[in-house]
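Trainee: I'd like to learn how to read a fold like this one. Could you take me through it, feature by feature?

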Amino acid sequence: MIFKIPSLLTPEELEQITSKLAKSEFIDGKLTAGWHAKLVKNNQQLSRQDNTYEVLKSLLQTALERNPLFQVAVRPKVVHSVLFSRYTPGMAYGRHTDNALMGGSSFLRSDVSFTVFLNSPAAYEGGELVIEGADSETTYKLEAGTALFYPSTTLHRVDPVTSGERLVIVGWVESLVRDASQREILFDLETVRRSLFAQSGKSDEFDLLSKSVANLLRRWVE
């Protein structure tokens, strides 16, 4: 399931992040890529040794934790490997798939990938995030503060930036529910459950649906 969360970050948070990034040290993005992704990765990333890294990462995690759609759709266990990335003219990230395991010896699984756009689409030319399907491609270039979530299993790329600067946060989530189709079933059922409650309150039908959601979670959560 691919979905967007508009305004994941507030304007104040966006301002805080972008102003700190403007004064921070960036390093070669190849340093955090897998051996095959290094061949096609050409961007810059905020150094994890930079004093602002943990501050900005904590700000993002707070934004994710308070968002009910993220919590219900992703069922996060751990948000990890967060990167603050910058693309200037000529930079791109060619076709690749994300590593299944990240975090060094921690072996954190990547189930869901996300990109949070930090500047306006008008601030740069090119730089679209392109996600491949079985027989099609979908292009994303979203408003500042909007987050896009997609399965880590996809092939995707960032097209070359031709002018301006593209600033994004990228990261990964190990979900409590490993299988994407199971997460989608749970999301659909939860959506219906909340709608039913809004219409009829705590009815017999709501109780039965709640029981099914709880029992599926017991079966599928790792």
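Mentor: We'll go from the overall chain to the sheet, then two backbone angles, one lysine, and the empty spaces.

Mentor: First, the ground rules. This is a predicted model, where local features need pLDDT of at least 70 and side-chain atom pairs count only at pLDDT 80 or more, while totals for chains, interfaces and linings use all residues. Residues are numbered from 1 along each chain as its sequence is written, and side-chain values use heavy atoms, with hydrogens and water left out.

Trainee: How many helices and strands does the chain have?

Mentor: Helices (H or I, at least four residues) and strands (E, at least two) are DSSP runs, numbered from the N terminus. Here the chain has 5 helices and 16 strands. Its radius of gyration is 19 Å, close to the 17 Å that the globule rule gives for 222 residues, so the chain is as compact as a globular protein of that length. That radius is taken over C-alpha atoms, and the rule is 2.2 Å times the number of residues to the power 0.38. Along the principal axes, the C-alpha trace spans about 60 × 35 × 35 Å.

Trainee: What share of the residues is buried?

Mentor: Buried means under 20% relative accessible area, exposed over 50%, and partly exposed in between (1.4 Å probe, protein chains only). Of the 222 residues in the chain, 48% are buried. Contacts, meaning heavy atoms within 4.5 Å, are worth a look too: among those with a separation of 6 or more, 78% are between residues 24 or more positions apart.

Trainee: Now the sheet. What is the strand order in the open sheet?

Mentor: Two strands pair if DSSP finds at least two bridges between them. The open sheet has 5 strands in the order 3-6-14-11-12, with antiparallel pairing. Strand 3 (41-42) and strand 12 stand at the edges with a single partner strand each, so one side of each is left without a neighbour in the sheet.

Trainee: And which residues face each other across the pairs?

Mentor: Take strand 6 and strand 14, which pair in the antiparallel sense over 2 bridges; Tyr93 has Val158 in strand 14 as its bridge partner. Then there's strand 11 (residues 129-132), joined by 4 bridges to strand 12 (residues 137-140), again antiparallel. Glu132 stands opposite Glu137 in strand 12, and a hairpin of 4 residues links strand 11 to strand 12.

Trainee: Which residues other than glycine have a positive phi?

Mentor: Have a look at Ser81, with phi near 55 degrees, and Phe107, with phi near 50 degrees. Ser81 is found in strand 5, whereas Phe107 is in the loop between strand 7 and strand 8 (108-109). Ser81 is buried at 16% relative accessible area, while Phe107 counts as exposed at 55%.

Trainee: Lys77 is in strand 5 too. What does Lys77 touch?

Mentor: Leaving out residues up to four places away in sequence, Lys77 touches Val173, Glu174, Ser175, Leu176 and Glu222. Lys77 counts as partly exposed, at 45% relative accessibility. Val158 is another matter: Lys77 and Val158 are 81 residues apart in sequence and 27 Å apart in space, C-alpha to C-alpha.

Trainee: How do I read the empty spaces?

Mentor: Rolling a probe the size of a water molecule over the atoms shows where empty space is left. On a 1 Å grid over the protein atoms alone, a cavity is a set of points where a 1.4 Å probe fits but cannot get out; a pocket is an open set with protein on both sides within 12 Å along at least five of seven lines, and lining residues have an atom within 4 Å of a point. Grid points are joined across faces, edges and corners, and a volume is the space filled by probe spheres set on the points.

Trainee: How many cavities of 30 Å³ or more are there?

Mentor: The search of the whole structure finds 1, with about 90 Å³ of space. Its lining includes Met1, Phe3, Tyr150 and Arg183. Helix 3 (68-74), strand 13 (147-151) and helix 4 (180-200) each supply at least two lining residues.

Trainee: And the largest pocket?

Mentor: The largest pocket has a volume of about 430 Å³. Of its 31 lining residues, Lys41, Leu83, Tyr93, Asp98 and Trp172 lie nearest the centre. Strand 5 gives the largest share of that lining, 4 residues.
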